[in-house]
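User: I'm new to this one and would like to know how each label is earned. Could you take me through it?

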Amino acid sequence: MTNQTETFSGSKHFRLNHVANGVFAAISVPGTGSLGNAAIIDLGDSTLVVDTFLTIEAAEDLQAAAIELTGKPVSYVINTHWHSDHTSGNQVFAPEAQIISTSVTREIMATFGTERLARQLANPEPIVKAMDELDEKIQQETDDKLKKEMQWENASDREYMNILPKLEYTLPTITFDGQMTIHGSDRTVQLITYGGGHTQSDAFVYLPEEKIAITGDLVLSKHHPVMMYANPDAWLDILERVEGLGVETIIPGHGEVCGVKELHEVRSYINDIVALVTEAVQNKKSIDELAVPEAYVDWYFTTYFKPNVKKVYDSIAESAASTPL
Ligand SMILES: [Zn+2]
């Protein structure tokens, strides 16, 4: 069949990637209001979108692409997890579409997420200040790759701040635990959660016939996994179970469409960070001195390396404190 992505008029926020018949990845263009990836799946008699980007404009382009590619309005939206770059565009698809997440993800959005947005709306000053500080850092940065990444980060943040007053935080309307199946006329889609690894609760979409998984941030391709809210052990366990399904193609949360090799790379990264921090603690070395391991220096999201190290350090310190002598 022809590559249907050619019929889409395009978006500055993402590139479309034809993954299989009726399955499209919307790959984020760095420094725009998408920030993360999304996916469009034609179920035959209905259309499903996975994740909704960081801004309303990016989500509107995603909706336009879904309608153009499938010839139908979007009936279902899946939020793989609560992070803003996967949920902020929800309002564009509601109320026509049912928005689906795990019950834990919805609970976090209904409490922490809603309160955080209210704080940001009442007082945007801290975010504006952080963006200005990052601007100063960018001026002084001599490493070209890092400088480019920080510029992208600031550009996405600015797009987010521009839409903040228009943002209507839109919660999922349907929740599930364990597994849920959507039976379209042409295709069956499984929504699966094995608990939380990247966040407190992570879901992914699996197309069993095509062996395609849309993993949210459980798998990133050539990007530092984001461990700010992570449980490293649980994450590793989830990755093993995802691989065990026989997945062949992965639409990751960030980066290009990939395969099981990149899932293994995420596993290695988590193991390496834990080993690096454990070794530093044992040798009473400061974690501030830890550098990005050679295997990951070309990866994006470099600015997450230090917070990742700190997060693992804090969890090691916490478990040491709770272990009786
Ligand atoms: Zn995330």
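User: What area does the chain expose, and how much of it do carbon and sulfur atoms supply?

Analyst: Keep in mind that this is a predicted model. The exposed area comes to about 14,600 Å², and carbon and sulfur atoms account for 50% of it.

User: What makes the radius of gyration agree with that of a compact globule?

Analyst: You set the chain's value against the rule. A compact globule of 325 residues would have a radius of gyration near 20 Å, and the chain has 20 Å, so the two agree. Along the principal axes, the C-alpha atoms fill a box of roughly 60 × 45 × 35 Å.

User: What is the fold built from, and how much of the chain is buried?

Analyst: The chain holds nine helices and twelve strands. Buried residues make up 50% of its 325 residues. As for contacts between residues at least 6 apart in sequence, 64% of them join residues at least 24 apart.

User: Why is N154 called buried?

Analyst: Buried means under 20% relative accessible area. N154 has 4%, so the label fits. This residue is found in helix α6, which covers residues 144-163. Apart from neighbours within four places in sequence, N154 is in contact with M131, L134, D135 and I138.

User: N162 lies in helix α6 too. Why does N162 count as exposed?

Analyst: Here the cut-off is over 50%. N162 has 59% relative accessibility, so it counts as exposed.

User: How far apart are N162 and H198, in sequence and in space?

Analyst: They are 36 residues apart in sequence. In space, the gap is 28 Å from C-alpha to C-alpha.

User: Why does T193 count as buried?

Analyst: Its relative accessibility is 13%, and the limit is under 20%, so T193 counts as buried. You'll find T193 in strand β9, residues 188-193. Leaving out neighbours within four places in sequence, its contacts are T102, F176, D177, G178, S201, D202 and A203.

User: How do you know that the T193 side chain makes polar contacts with the backbone of G195 and D202?

Analyst: Check the distances. A polar contact needs a pair of N or O atoms within 3.5 Å, one able to donate a hydrogen and the other to accept it. A polar atom of the T193 side chain lies 3.1 Å from the backbone nitrogen of G195. For the backbone oxygen of D202, the distance to a polar atom of that side chain is 2.9 Å.

Conventions. Residues numbered from 1 in each chain as written. Predicted model: local features only at pLDDT ≥ 70, side-chain atom pairs only at ≥ 80, totals over all residues. Heavy atoms only, no water. Helix = DSSP H or I, 4+ residues; strand = E, 2+ residues; numbered from the N terminus. Rg over C-alpha atoms; globule rule 2.2 N^0.38 Å. Buried < 20%, exposed > 50% of the residue type's maximum accessible area, 1.4 Å probe, protein only. Contact = heavy atoms within 4.5 Å. Areas by Shrake-Rupley, 256 points an atom, 1.4 Å probe, with all protein chains shown as cover.
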